[in-house]
Amino acid sequence: MSDTLQKEEQIKASINAAFRSAKVSIQRKGRIIVEFRGGILPAFASYLKEYLNFKHLSMISGVDWPEDNQFELVYHLWSYEQSIHVMVKVRLDREAAKTKTLTPLWEHAETYEREIHEMLGVEFEGHPNMRDFILEDWDDLPPMRRDFMTREYVDEVYEWRKGREDAQDVRQTIAEQYNTEVPNFNNEDK
Amino acid sequence: MSAILQEKETTLYLGPQHPGITGNMMIELKVTGDTIRKATTHVGYLHRGFEKLMEERLWMQCFPIVCRICVPEPDPNEENLARAIEELEGREVPERAKYIRVMMLELSRMATYLLWMGGQSGSAGLYTMPQWTVGDRDYIIDLFEELTGGRVYHMYIWPGGVRRDLPEGFEGRVRKVLDYLEQRLTDYDRLLFENAIFLRRAQGVGILDKDMAMEWGVVGPPLRGCGIAHDVRKDEPYEVYDQLDWEVITHEGSDVYSRAMVRRKEFEQSISIVRQVLDKMPSGPVHNPGPNPLKWRVPAGEAYVKTESARGEFGYYVVSDGSLKPRRVHVRGPAYVHGVSLLERMLVGANIADTSFIMNSLGTCPPEIER
């Protein structure tokens, strides 16, 4: 077991030596999780990119943890040389979620940050282009937050199609609407 | 006169419906003459909120949702979610099921490439090719229908294996379709890949900076079209890809043509992979059943899994808090990077007529950008 995880152990040791505040754990072969606190994320990301060869930013995920009153941003980095995937986790205060952008390091981080800004309401300092991404003119609660209730929103904003609200037969409603008999939709009656 | 006309900048709205994509997506172009100066993508026409919906569904109910994330190729999505859950649960997959999964994924890759060939040539104005390839894709879709009951969306790969075993005589029918497609490749070569019009349109167009490709997060055929040999199937082999004989295909050139040639050769390679799978497939069970789906709790934890889809790395980040429903499922589609930030950059300086052509060569797929 120990020699199969050799590369992972090496990376863990070098991260621990350079950044004391980083909490590194090896999840399995090829997967490392780094829990990182504090606002020096760009420096840490740049260290991973330039010195440890984690050149490929796969994606940035945002997870809402309302019970801890925190958002968790997960930066997924991949090293082609070592075939190792690192997940850098940063916890942000839910009330004033703010962090620095990683667009100077990876330009495509721009899209991910725009989406997280829109879906969770996290601010990215220094982001060059924070315009609407998917939701246009959205002024409600950011929808990927756990306390955004999809069902209530739908009930409030949209009208249920007639015949659906109390699980009654749609054909009956249609017939009443058009003042006709209940149409028969069965195939065998053709 | 012409100098004055060229100085004037005009705004052009391309889409939401246009030949470059499967789905809807608008591109706002600032043009002078017929050269693009600035491109801005506008997505949001296909947002269905799948990631949010999945937070309110049982784990099993997520499978009919994930396969709809990418319309042209649903199988990598099922594979990813199934593999993420297996990783969280530590559930073993029977050997035969692994082979069947590889067969499904490769058939799905071939079906996607056939659809792409149609789109790529259609956006260059060669309309015979789509008729042929979409017709030939139907033979693969028929196989899917026989095996899974669904033509486009299969819900076939699930945690612990696959939903059912191959029907009797299915292997022979797969081989028959493979033989047919292999012989059809000669026709495709004559009609598209060696066609003077296509070569003229594709060579030297849509150049991707080779040195920057990795930094921009480019994956899949566009990356291999820059001559960089990276493929998830080799970098981090899943299922039985490490037991099969195949090589990563690359092509120098970094243009639309080299990306097309990568796909053309991978199509041929997929035929060989499926044949190997059929030769080597062991007998045995195809599913390792789990608990009752209505009371199915996945242990708390997180997993990142990835699959090489026909357009590149398809990644899933799945977080479970130990409850009946997923805490978070975040999807990374290859088109998310290719279709927004990379496209905006690549279109600068291109001709308006090449927009759809370049988008097709990157494999832009709006349903997976928005999810």
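Here is a short round of questions and answers about the two chains, A and B, of this predicted model.

Reader: Before we start, how are residues and chains labelled, and what kind of model is this?
Author: Residues are numbered from 1 along each chain as its sequence is written, and chains are lettered from A and ligands numbered from 1 in the order in which they are written. Local features need pLDDT of at least 70 and side-chain atom pairs count only at pLDDT 80 or more, while totals for chains, interfaces and linings use all residues, since this is a predicted model.

Reader: How many helices and strands does chain A have?
Author: Helices (DSSP runs of H or I, at least four residues) and strands (runs of E, at least two) are numbered from the N terminus. In chain A the elements run α-β-β-α-β-β-β-β-α-β-α-α from that end. The totals are five helices and seven strands.

Reader: What share of chain A is buried?
Author: A residue is called buried if 20 or more other C-beta atoms lie within 10 Å of its own, exposed if 12 or fewer, and partly exposed in between, with C-beta atoms placed from the backbone. Chain A has 190 residues, and the buried share is 29%.

Reader: Which residues of helix H1 in chain A are buried, and where do they lie around the helix?
Author: H1(A) covers residues 6-18, and its end C-alpha atoms are 19 Å apart, which agrees with the 18 Å expected for 13 residues at 1.5 Å a residue (the rule multiplies 1.5 Å by one less than the number of residues). Its buried residues fall within an arc of 65° seen down the axis, so they line one face of the helix; the arc is that of the directions from the helix axis to the C-beta atoms. The face turned away carries the exposed residues A:Gln6, A:Ala13 and A:Ala17. The buried ones are A:Glu8, A:Ile11 and A:Ile15.

Reader: What do those buried residues of H1(A) pack against?
Author: Packing here rests on contacts, meaning two residues whose C-beta atoms, placed from the backbone, lie within 7 Å. The partners of the buried residues of H1(A) are three strands of chain A: E1 (23-28), E2 (31-36) and E5 (84-93).

Reader: How do E1(A) and E2(A) pair?
Author: Two strands pair if DSSP finds at least two bridges between them. One bridge joins A:Ile26 to A:Ile32 in E2(A). In this hairpin, with two residues between the strands, A:Gly30 takes a positive phi near 85°. The pairing has five bridges, and its sense is antiparallel.

Reader: Is A:Met119 buried or exposed?
Author: A:Met119 sits in helix H3 (residues 109-120) of chain A. Beyond residues up to four places away in sequence, it touches A:Gly62, A:Pro142, A:Pro143 and A:Met144. With 22 other C-beta atoms within 10 Å, A:Met119 is buried.

Reader: What is the phi of A:Asn53, and where is that residue?
Author: Most residues other than glycine have a negative phi. A:Asn53 lies in the loop between helix H2 (41-50) and strand E3 (56-65) of chain A, and it is partly exposed, with 16 other C-beta atoms within 10 Å. Its phi is positive, near 65°.

Reader: Turning to chain B, what is its radius of gyration?
Author: Chain B has 15 helices and eight strands, and its C-alpha atoms fill a box of roughly 75 × 45 × 35 Å along the principal axes. The radius is taken over C-alpha atoms, and the globule rule is 2.2 Å times the number of residues to the power 0.38. For 371 residues a compact globule would come near 21 Å, which agrees with the value for chain B, 21 Å.

Reader: How many residues of helix H5 in chain B are buried?
Author: H5(B) spans residues 95-122 and reaches 41 Å from its first C-alpha to its last, close to the 40 Å expected. This helix is mostly covered, and of its 28 residues the number buried is 25.

Reader: Which element gives the most to the side of chain B that touches chain A?
Author: The contact takes 27 residues from chain B and 27 residues from chain A. Strand E7 (312-320), strand E8 (328-332) and helix H13 (334-346) of chain B each supply at least two residues of that side. The one giving the most, with five residues, is H13(B).
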